[in-house]
Amino acid sequence: MVNLFKSFLDFIYPPLCPVCGDNVESYGNLCSKCWAKFNWISNPKCFKCGYPFPADLDLGPTPLCPHCASGECELDFIRSACVYDDVSKNIMLPFKHASQLKYQTLMSRAMINCVRDLNLDVDIVMPVPLAYKRLFKRGYNQATLLARPIAKHFNADLDVDSVSREYRNDMGHKTTKQRRENVHGVFKVINKNKIAGKKILLVDDVMTSGATFYELNRVLRKAGASAVYAVSFCRVVHAI
Ligand SMILES: [Zn+2]
Ligand SMILES: [Zn+2]
């Protein structure tokens, strides 16, 4: 009966690729042509922060990028599904600013896939908080929309209110050092009891310099978090 209903529904509303509108097998999936256009991050990559290395390098099972080798990344793991480029930008920006929520499923599925091999044990899934001023202006936190299915996948609590964020001007087009300074002290843990002893997975749509994840990690550790991981849909890849 359920299958019959599903067939009926597929007949009335056939599942379509959210990017090009071609028919696909199930809702939220990309067609193979659109899938192939993304620069998905696979191995080899930095074992700790997920920075992608050139494909032809054989670096062993747990290679580290120079930042992680020098201990600069204090999160346990960071992963991103794909590289920030014209293709990922064309779904990430409309999703963030223009309520193009049809991309939610493909983005969150790709994010779940890119952390799968880490076999993470997660208590709390936390979308990177937005300042209230931005939240009210936009009407939704795009990171929360991505975090919801991820929390369900991990059977973990979705936490949207233990940490608040102060409003500051946009960080666009600044150096990594300036971004770190701009985000320093911006987050405040409101509910330490919910954080202490917990393993936390942070969720964001894009990772630019990592400054936001690093700063959240700092305050969450201070509040007693026992592990902090992060996942983003795409990441800006600078040469290192
Ligand atoms: Zn397509
Ligand atoms: Zn790294």
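These questions and answers go through a predicted model, in which local features need pLDDT of at least 70, side-chain atom pairs count only at pLDDT 80 or more, and totals for chains, interfaces and linings use all residues. Residues are numbered from 1 along each chain as its sequence is written, and chains are lettered from A and ligands numbered from 1 in the order in which they are written.

Q: Why is L158 called partly exposed?
A: A residue is buried if 20 or more other C-beta atoms, placed from the backbone, lie within 10 Å of its own, exposed if 12 or fewer, and partly exposed in between. L158 has 17 within 10 Å, so L158 is partly exposed.

Q: Where is L158, and what does L158 touch?
A: L158 sits in strand β3 (strands are DSSP runs of E, at least two residues, numbered from the N terminus). Leaving out residues up to four places away in sequence, L158 touches V125, A147, R148 and A151. Touching means C-beta atoms, placed from the backbone, within 7 Å.

Q: How do you know that the span of helix α7 agrees with its 13 residues?
A: Helices are DSSP runs of H or I, at least four residues, numbered from the N terminus. The expected span is 1.5 Å times one less than the number of residues. For α7 (residues 142–154) that gives 18 Å; the end C-alpha atoms are 19 Å apart, so the two agree.

Q: What makes R148 the place of a kink in α7?
A: The bend is the angle between axes fitted to the seven residues ending at a residue and the seven starting there. At R148 the kink is about 25 degrees, shortly before the proline P149.

Q: Which residues of α7 are buried?
A: Q142, A143, L146, A147, I150 and A151 are buried.

Note on methods. Contact = placed C-beta atoms within 7 Å.
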